[in-house]
Amino acid sequence: MNVDVTALPGIGVRKDFEARSGRRIGVVDHRDGGIDLIVSKLDDPDACAAQVPLTSDEAAVLANLLGAPQLVAELREDHRDLPGITTRQLPIADDSPYEGRTLGETAMRTRTKVSIVAVMRAGQLHPSPGPDFTFAADDLLVVVGTPDGLDAAAKILSHG
């Protein structure tokens with residue numbers, strides 16, 4: 001899929017793509033640091049049907065919402081021929097006992113036999129995090145294992 005990048009003199013940069021519907025969907029990165037989510041009109045790709053200003057935190061949450069499910073879907077497809085192996089997204093909540101602590105401190109692999117294969121944080125993918133990777137609130141972990149192991153991992157992340 002092609003992403004078009006268009007300089008907007010005095011404003012910033014528009015980055016968008018054409019969706020299957022024919023509409024263009026993208027973002028405007030303003031010079032002052034602002035971010036707008038944009039959707040074009042169906043009959044005029046240069047005119048906005050919707051423009052939603054986002055804070056950097058909101059943009060990061062949206063990126064996580066869009067990016068993590070895609071990664072999980074790809075992993076599920078990769079594991080579909082492996083009976084008993086499942087992929088799930090597990091959040092690090094503000095009140096998680098592991099917020100601010102490292103992956104190694106969870107002893108996740110030893111305790112549950114699951115693997116944390118990636119972390120989505122603020123729209124950025126961190127693949128194959130090592131034991132020194134420090135978790136932060138709102139991280140979304142992509143975890144692979146058995147259903148029982150994933151249930152146990154979710155309990156560990158929320159209750160210790």
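Select β1 and β2 to begin: in this predicted model the two strands form a hairpin with three residues between them, and glycine 10, which lies in the turn, has a positive phi of about 80°. Keep both strands highlighted and display the bridges, of which five join β1 to β2 (residues 12–18), the two strands running antiparallel. To follow one of these pairings, pick leucine 8, whose bridge partner in β2 is glycine 12.

Next, extend the selection to β3, β4 and β5, and the view becomes that of an open sheet of five strands, ordered β1-β2-β3-β4-β5 with antiparallel pairing. Its edge strands are β1 (4–8) and β5 (48–54), each of which pairs on one side only. If you look along the sheet, neighbouring strands are turned by 20° against each other on average, with direction ignored. As you inspect the strands, keep in mind that side chains in a regular strand alternate between the two faces of the sheet.

Move then to the other edge, where six bridges join β4 (residues 35–40) to β5, and where the two strands run antiparallel. Here isoleucine 35 is a useful residue to select, with leucine 54 as its bridge partner in β5.

Finally, show the whole chain, which has four helices and nine strands, arranged from the N terminus as β-β-β-β-β-α-β-α-α-β-β-β-α. Colouring by burial would mark 32% of the 160 residues as buried, while the accessible surface comes to about 9600 Å², with 54% of that area belonging to carbon and sulfur atoms. If you draw the contacts between residues at least 6 apart in sequence, 46% of them join residues at least 24 apart.

Terms used. Residues numbered from 1 in each chain as written. Predicted model: local features only at pLDDT ≥ 70, side-chain atom pairs only at ≥ 80, totals over all residues. Heavy atoms only, no water. Pairing = 2+ DSSP bridges. Axes fitted to C-alpha atoms, helices over the stretch in contact; angles between N-to-C directions. Buried < 20%, exposed > 50% of the residue type's maximum accessible area, 1.4 Å probe, protein only. Contact = heavy atoms within 4.5 Å. Areas by Shrake-Rupley, 256 points an atom, 1.4 Å probe, with all protein chains shown as cover.
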